[in-house]
Amino acid sequence: MGTTLDEELQQPASFFHSQLSFAAPSRVFGAFSEGELVAAAGIRWPTNHASGKHKTILYGVQTAPAFRRQSLGRRLVRQAVDHAFSSGCLRIYLYVYVPNPGAVSLYESLGFVSSGAEPEELNIDGHYYDLQYMSLRNPAPLGAGDRGGG
Ligand SMILES: CC(C)(COP(=O)(O)OP(=O)(O)OC[C@H]1O[C@@H](n2cnc3c(N)ncnc32)[C@H](O)[C@@H]1OP(=O)(O)O)[C@@H](O)C(=O)NCCC(=O)NCCS
């Protein structure tokens, strides 16, 4: 996700709190097993400016290793997508460091399409990773206020 495990372990709790605290309608969806968070997917509006209110970012998608391939990722991303679109979002963006065939396949299965790449965007322990952008457009017909300037 762009940081090493060591870097993550050094982050204060407030860092993780801030990742979960974007103003509504931004929201984080979670799946729990015996009270433990085992999967998550977040959706956030990156700006309040009128020019950018139509877009959201899907972030923080992950499933604990022991709970993978049980459809939790797909269910949570679908919930995040439904929430974004029912809240008026026109297009959802995400980025994924590749290769990550599992994540790309998950997103493609929900209709996300690749919209470009940033070569060698990340260097973790001497390995370079490309960043792949993907997005998904709200399939609902546009309302009068949804396009242009508003
Ligand atoms: C990617 C990730 C979130 C998938 O979570 P998950 O709960 O296992 O996903 P699901 O069980 O809902 O799988 C949905 C679909 O994604 C695809 N998929 C998931 N994991 C896959 C894998 N390892 N290889 C290939 N396809 C995979 C499949 O198409 C799968 O559908 P299927 O099981 O019907 O074949 C999980 O592997 C993960 O946490 N990875 C590490 C963190 C990460 O890379 N997050 C994405 C950051 S952008």
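Which residue in β6 does Gly116 stand opposite? In this predicted model, the residue facing Gly116 is Tyr133 of β6. The pair belongs to the contact between strand β5, residues 113–124, and β6, which run antiparallel and are joined by eight bridges. A further position along β6 is Leu131, which stands opposite Glu118. The two strands form a hairpin with two residues between them, and in this hairpin Asp125 adopts a positive phi near 50°.

The strands are arranged in an open sheet of six, in the order β1-β2-β3-β4-β6-β5, and the pairing is mixed. β1 and β5 are the edge strands, each of them pairing on one side only. From one strand to the next, the twist averages 25°. In general, strands of a sheet pair through backbone hydrogen bonds, in either the parallel or the antiparallel sense.

At the β1 end of the order, strand β1 (residues 27–33) is joined to β2 by seven bridges, and the two strands run antiparallel. Within this pairing, Arg27 has Ile43 of β2 opposite. β1 and β2 also form a hairpin; two residues lie between the strands, and Glu34 in the turn has a positive phi of about 50°. β2 is joined in turn to β3 by five bridges, again with the strands running antiparallel. Ala40 has Gln62 in β3 as its bridge partner. Further along the sheet, β4 and β6 pair over eight bridges in the antiparallel sense. Val98 and Asp130 of β6 stand opposite each other.

Two helices lie across the sheet. α3 crosses β1, β2, β3, β4 and β6, and runs at about 30° to β2. α4 lies across β3, β4 and β6, running at about 160° to β4.

The largest nonpolar core comprises 22 residues, of which Ala41, Leu58, Leu76, Val77, Ala80, Ile92 and Leu94 touch the most other members. At least two residues of this core come from each of β2 (36–44), β3 (55–63), α3 (72–86), β4 (91–98) and β6 (127–137). α3 makes the greatest contribution, supplying six residues. In soluble globular proteins, nonpolar side chains tend to be buried together. Ile92 is one of the core residues that touch the most other members. With residues up to four places away in sequence left out of the count, Ile92 touches Thr56, Leu58, Val81, Ala84, Ser135 and Leu136.

The ligand is surrounded by 20 residues, and those that come nearest are Thr63, Arg68, Gly73, Gly102 and Leu106. β3, α3 and α4 (101–109) each provide at least two residues of this shell. The largest share comes from α4, which gives six residues. Sorted by class, the shell consists of eight nonpolar, nine polar and three charged residues. β3 and α3 thus appear in two settings, each supplying at least two residues to the nonpolar core and at least two to the shell around the ligand.

Two glycines were examined individually. Gly30 is placed in strand β1, one of the edge strands of the sheet. Gly30 counts as partly exposed because it has 16 C-beta neighbours inside 10 Å, whereas 20 or more would be needed for a buried residue and 12 or fewer for an exposed one. Apart from neighbours within four places in sequence, Gly30 is in contact with Leu37, Ala39 and Ala40. Ala40 is also the residue whose bridge partner in β3 is Gln62. Between Gly30 and Val104, which are 74 residues apart along the chain, the C-alpha separation is 20 Å.

Gly88 is located in the loop between α3 and β4. Gly88 is likewise partly exposed, because 16 C-beta neighbours lie inside 10 Å. Gly88 and Gly30 are 58 residues apart along the chain, and their C-alpha atoms are separated by 22 Å.

Note on methods:
Residues numbered from 1 in each chain as written. Predicted model: local features only at pLDDT ≥ 70, side-chain atom pairs only at ≥ 80, totals over all residues. Core = buried A, V, L, I, M, F, W, Y, C linked by C-beta atoms within 7 Å. Helix = DSSP H or I, 4+ residues; strand = E, 2+ residues; numbered from the N terminus. Contact = placed C-beta atoms within 7 Å. Near = placed C-beta within 6 Å. Nonpolar A, V, L, I, M, F, W, Y, C, P; charged D, E, K, R; others polar. Pairing = 2+ DSSP bridges. Axes fitted to C-alpha atoms, helices over the stretch in contact; angles between N-to-C directions.
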